[in-house]
Amino acid sequence: NQKEGPLKIYLSPNPAAFEFSMEEVSHPKILLISKLIEGEYPNYQEIIPQKTKTQIILKRQEFIDQIKLASLFSKKTNEIKLKVDVKSQKIEILSQNPEAGEYRASLFGEIKGEPLDISFNHRFLLDGLLSIRSPEVILGLNSEEGAAVLKPNSDESYIYIIMPIKSS
């Protein structure tokens with residue numbers, strides 16, 4: 001539903017305001033105020049790994065389903081472990097909780113690089129997977145403690161960075 005009408009812009013060094021009025025009402029319909037944040041924006045480029053030692057291509061929905069199942073057996077830290085086996089081209093997904101039991105499943109994918117055992121908070125991993133729409137995802141790993149990269153297999157413009165957790 002598009003409306004036409006005057007747009008007032010109030011500029012100052014900080015803040016700026018945008019006001020859209022409508023004739024039907026005496027008050028502004030929309031008032032948007034922006035303010036510059038003081039300080040320098042962090043250099044996020046430094047934490048994005050440019051290369052990864054291990055690259056895994058997986059079917060997105062299968063990965064989501066297995067992470068959700070593993071989350072039912074995770075501890076309060078929401079930890080799930082991924083064991084990457086390059087030789088057999090599979091990832092083992094593990095979680096355990098003394099009260100709920102343990103979960104173990106395998107996913108096959110295209111894996112290049114080095115074998116690795118790594119743990120993630122399942123919530124953060126799912127957040128990244130659910131924001132991707134392509135049928136396949138790429139998970140790039142470097143070490144048990146280094147930043148991991150999650151991205152669609154078909155789109156280089158989206159990158160999701162996830163930090164592993166130290167395995168208990």
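## Exercises on a predicted model

P15 is placed in the loop between β1 and β2 (16-20). The model is predicted, and the exercises below start from this loop.

**Exercise 1.** Describe the peptide bond that joins N14 and P15, and state which residues Y10 touches beyond four places in sequence.

*Solution.*
- Step 1. The bond between N14 and P15 is cis, with omega at about 5°.
- Step 2. Y10 belongs to strand β1, which covers residues 7-10.
- Step 3. Leaving out residues up to four places away in sequence, Y10 is in contact with P15, A16, A17 and E19. The proline of the cis bond is thus one of the residues that Y10 touches.
- Step 4. Partly exposed residues have a relative accessible area between the 20% and 50% limits. Y10 has 42%, so Y10 is partly exposed.
- Step 5. For I37, the separation from Y10 is 27 residues in sequence and 18 Å in space, from C-alpha to C-alpha.

**Exercise 2.** State how many helices and strands the protein has, and decide whether the protein is a compact globule or more spread out.

*Solution.*
- Step 1. The protein holds two helices and twelve strands.
- Step 2. Along the sequence, these elements follow the order β-β-β-β-α-β-β-β-β-β-α-β-β-β.
- Step 3. For 168 residues the globule rule gives 15 Å, but the radius of gyration is 23 Å, well over that value, so the protein is more spread out than a compact globule.
- Step 4. Along the principal axes, the C-alpha atoms fill a box of roughly 65 × 35 × 30 Å.
- Step 5. Buried residues make up 37% of the 168. Of the contacts with a separation of 6 or more, 51% are between residues 24 or more positions apart.
- Step 6. The exposed area of the protein is about 11500 Å², and carbon and sulfur atoms supply 53% of it.

**Exercise 3.** Find which parts of the protein the salt bridge between R104 and E92 ties together.

*Solution.*
- Step 1. The whole structure contains five salt bridges.
- Step 2. In the bridge between R104 and E92, the closest N and O atoms are 2.8 Å apart.
- Step 3. E92 lies in strand β6 (residues 90-97) and R104 in strand β7 (residues 101-108), so the bridge links parts twelve residues apart in sequence.
- Step 4. R104 has a relative accessibility of 52% and counts as exposed.
- Step 5. Two other pairs are K112 with E110, at 3.7 Å from N to O, and K151 with E156, at 3.6 Å between the closest N and O atoms. E110 is partly exposed at 39%, whereas E156 is exposed at 57%.
- Step 6. Shared partners join E92, E102 and R104 into one salt-bridge network.
- Step 7. For the charges as a whole, the mean positions of the 21 positive and 23 negative ones are 4 Å apart.

**Exercise 4.** Decide whether N78 is buried or exposed, and then treat Q89 in the light of its accessible area.

*Solution.*
- Step 1. N78 is not a glycine, yet has a positive phi of about 60°. Its place is the loop between α1 (60-71) and β5 (79-85).
- Step 2. Buried means under 20% relative accessible area. N78 has 15%, so N78 is buried.
- Step 3. Q89 is not a glycine and has a positive phi of about 60°. Q89 lies in the loop between β5 and β6.
- Step 4. With a relative accessible area of 25%, Q89 is partly exposed.

Key
Residues are numbered from 1 along each chain as its sequence is written. This is a predicted model: local features need pLDDT of at least 70, side-chain atom pairs count only at pLDDT 80 or more; totals for chains, interfaces and linings use all residues. Side-chain values use heavy atoms; hydrogens and water are left out. Helices (H or I, at least four residues) and strands (E, at least two) are DSSP runs, numbered from the N terminus. The radius of gyration is taken over C-alpha atoms; the globule rule is 2.2 Å times the number of residues to the power 0.38. Buried means under 20% relative accessible area, exposed over 50%, partly exposed in between (1.4 Å probe, protein chains only). Contact means heavy atoms within 4.5 Å. Accessible areas come from the Shrake-Rupley method with a 1.4 Å probe; for residues, only the protein chains shown count as cover. Lys and Arg count as positive and Asp and Glu as negative; His and the chain ends are not counted. The place of a charge is taken as NZ of Lys, CZ of Arg, CG of Asp or CD of Glu. A salt bridge is a side-chain nitrogen of Lys or Arg within 4 Å of a carboxyl oxygen of Asp or Glu.
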